[in-house]
Amino acid sequence: MDGLELKKKSITSLNHNVCSTEEVSMDCDLTLPDYLPEVSKILKCIAVPGISSTSLSGSRITAEGSTTIRILYLSEKNEICTYEQGLPFSKYIESMDYTDAAAVDCEAKVGYINCRAVSQRRLDIHGALSLRFLMFKNMETEIVLNTLPSGIEKRECSVKNCNCVANAIRYFSINHIETLKEEPCVRSIVRSEAYGLVNEVKVIKDKSLIKGDIIIWISYVSGDSCSFEHHSIKVPISQIVDAVGLDENEILDTTLTVMQLNIFPKADVNGDYKLLDVSAKVKIELHAYMEESFTGITDAYSTKQVLNTDISNIALNEYKNKIMDTFLVEGELGIAARECGDIKEIWASDIINNTSFKDGVLIVDGTVTYAIITVIDGDLNYFERNVDFEFRQEYPDSNDIYCIPHLQILGTNSFPSSTGGYTVKTEVSIEAHVFERVTKSLVNNITSGDIKHFDDGAAIVLYFANCGENVWDIARRYNSTVGAIIAENNLEDEVLKDNRMLLIPR
């Protein structure tokens, strides 16, 4: 049996690793342009970081982006004004571990930010970003299938795995001019939010056509009455993404994320600020999986020849289902309605989530941060409150469930509660492909050794077996076969149900 012809199967799993977390400073002076009123009171300095590209070159991962610094302030006439300025940044990390990555990414979060008025037209900004570099790497392991050469005894095992076959991350830009029709003209934009919806994915070999919409909301102060107004924009998108290994009939995990959003009011032909100049940077992230079922082996031996059997603990990913749902985040803001005055605007400014699995339940929980603009005793004020949430999905027959959820804030309502406080309700969508991690001991290689020689000359061995022993273990120990022992002793099962004597043919 020299030179065993083995049929093997490659198992590919996608590892999602955090490579490094780096800090990038945000230090600058902002000078208000002449057409804006002077600063009387700073309400809030908001930093919105966005990645515009990530790239892998050799052993270096580079992330580039820009942080939008938005200043909400009051003029001497107690009017809300806004000013925005972009702060570009670039950061890279290096390691030989990154050279064979399937895809790389970077997430940007604000560590802290401080703002002070040096004068009525000059602001000093000091802060830092936290950049988390991510790497997607396909880990391949080979296992031996159950088609073995004759003369080898084998112990079989059914195997299910969801192979990762393609990965892609791509950035693209959108530009759009929106015309306000019935709404009043814009004096200053207070906030802007956006999210992406994937409507359709068409796949051909190594490519995918992704169609969807970018949904944008803005809140602005009108130029006539200084009231708070709202407007929504839908921008359709269609993009082709290259992903080597992509094919039809695969499980696709596709998301659209708005990384950067800039909206500026412009005057129309009549001189009214009823045009919105919209530009955004959008990230498409795509991962493709292929479900496979086959038969592997957990052990093998030969009665004629010594076999060197390599057995390893193989990590498998079994696909469970796709979560595509919405849930409500509801809670009290921790303020009394009589104390918060006339609330002009409430919006969900951020959402942070964690994922865990315990006692058969997948839990996605976290916090939504709400920004609030209110008038108290004639003065405009800005403050923030947090509300916790929890989303649960049951998997009672599973041991190790995991997913990477994609959460989007769809809309927020607020109202005074019956208890005298203030309540918010936010609709959140959640999408996630759910997998179960399963570890099995499987044979990944077999090599042949010396011919076996027996000096005792015994044709049959007497063996006193204990209840619960497995015939496979006995056959392997005494150089017999499972079939021969079962036939010789009229057994019904491989696992012995009582203590008994066995005849072991050799």
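A search of the whole structure, a predicted model, finds nine aromatic pairs. One of them joins Tyr319 and Phe435. Their ring centres are 5.5 Å apart and their planes meet at 70°, so the pair is edge-to-face. Tyr319 belongs to strand β13 (residues 305–336), and Phe435 to strand β19 (residues 421–451). The pair therefore ties together parts that are 116 residues apart in sequence. Both residues are buried.

**The aromatic cluster and Phe435**

The two rings do not stand alone. Tyr289, Tyr319, Tyr402 and Phe435 form one aromatic cluster. Phe435, in strand β19, has a relative accessibility of 4%. The cut-off for buried is under 20%, so Phe435 counts as buried.

What does Phe435 touch, leaving aside residues up to four places away in sequence? Its contacts include the three tyrosines of the cluster, Tyr289, Tyr319 and Tyr402. Cys162 and Ile401 are also touched by Phe435. So are Asn317, Glu318, Lys320 and Asp400. Arg155 is another matter: its C-alpha lies 27 Å from that of Phe435, and the two residues are 280 apart in sequence.

**Arginines over rings**

Two arginines lie over tyrosine faces. Tyr402, a member of the cluster, has Arg437 over its face. The other ring is that of Tyr92, with Arg60 over its face.

| Arginine | Ring | Distance to ring centre |
|---|---|---|
| Arg60 | Tyr92 | 3.7 Å |
| Arg437 | Tyr402 | 3.9 Å |

**Ser222 in strand β9**

Strand β9 spans residues 207–222, and Ser222 lies in it. Is Ser222 buried or exposed? Its relative accessible area is 0%, so Ser222 is buried. Residues up to four places away in sequence aside, Ser222 touches Pro184, Cys185 and Arg187. Ser227 and Glu229 are also among its contacts.

**Two positive phi values**

Most residues other than glycine have a negative phi. Two residues here depart from that pattern. Asp206 is not a glycine, yet its phi is positive, at about 65°. Asp206 sits in the loop between β8 (186–204) and β9. Its relative accessibility is 27%. Partly exposed covers the range between the 20% and 50% cut-offs, so Asp206 counts as partly exposed.

Asn490 also has a positive phi, near 55°. Where is Asn490 found? Asn490 is in the loop between helix α2 (482–489) and strand β21 (500–505). At 68% relative accessibility, Asn490 is over the 50% cut-off and so counts as exposed.

**Strand β6 and its partners**

Strand β6 (residues 122–144) pairs with strand β1 (residues 8–31). The two run antiparallel, over 23 bridges. Within this pairing, Asp29 has Asp124 of β6 as its bridge partner.

How many bridges join strand β5 to β6? There are 14, and these strands also run antiparallel. Strand β5 covers residues 103–117. Cys115 stands opposite Ile125 in β6. The connection from β5 to β6 is a hairpin through four residues. Strand β6 thus has antiparallel pairings with both β1 and β5.

Note on methods: Residues numbered from 1 in each chain as written. Predicted model: local features only at pLDDT ≥ 70, side-chain atom pairs only at ≥ 80, totals over all residues. Heavy atoms only, no water. Phe/Tyr/Trp six-rings, centres within 6.5 Å; stacked < 30°, edge-to-face > 60°. Buried < 20%, exposed > 50% of the residue type's maximum accessible area, 1.4 Å probe, protein only. Lys NZ or Arg CZ within 6 Å of the ring centre and 35° of its normal. Contact = heavy atoms within 4.5 Å. Pairing = 2+ DSSP bridges.
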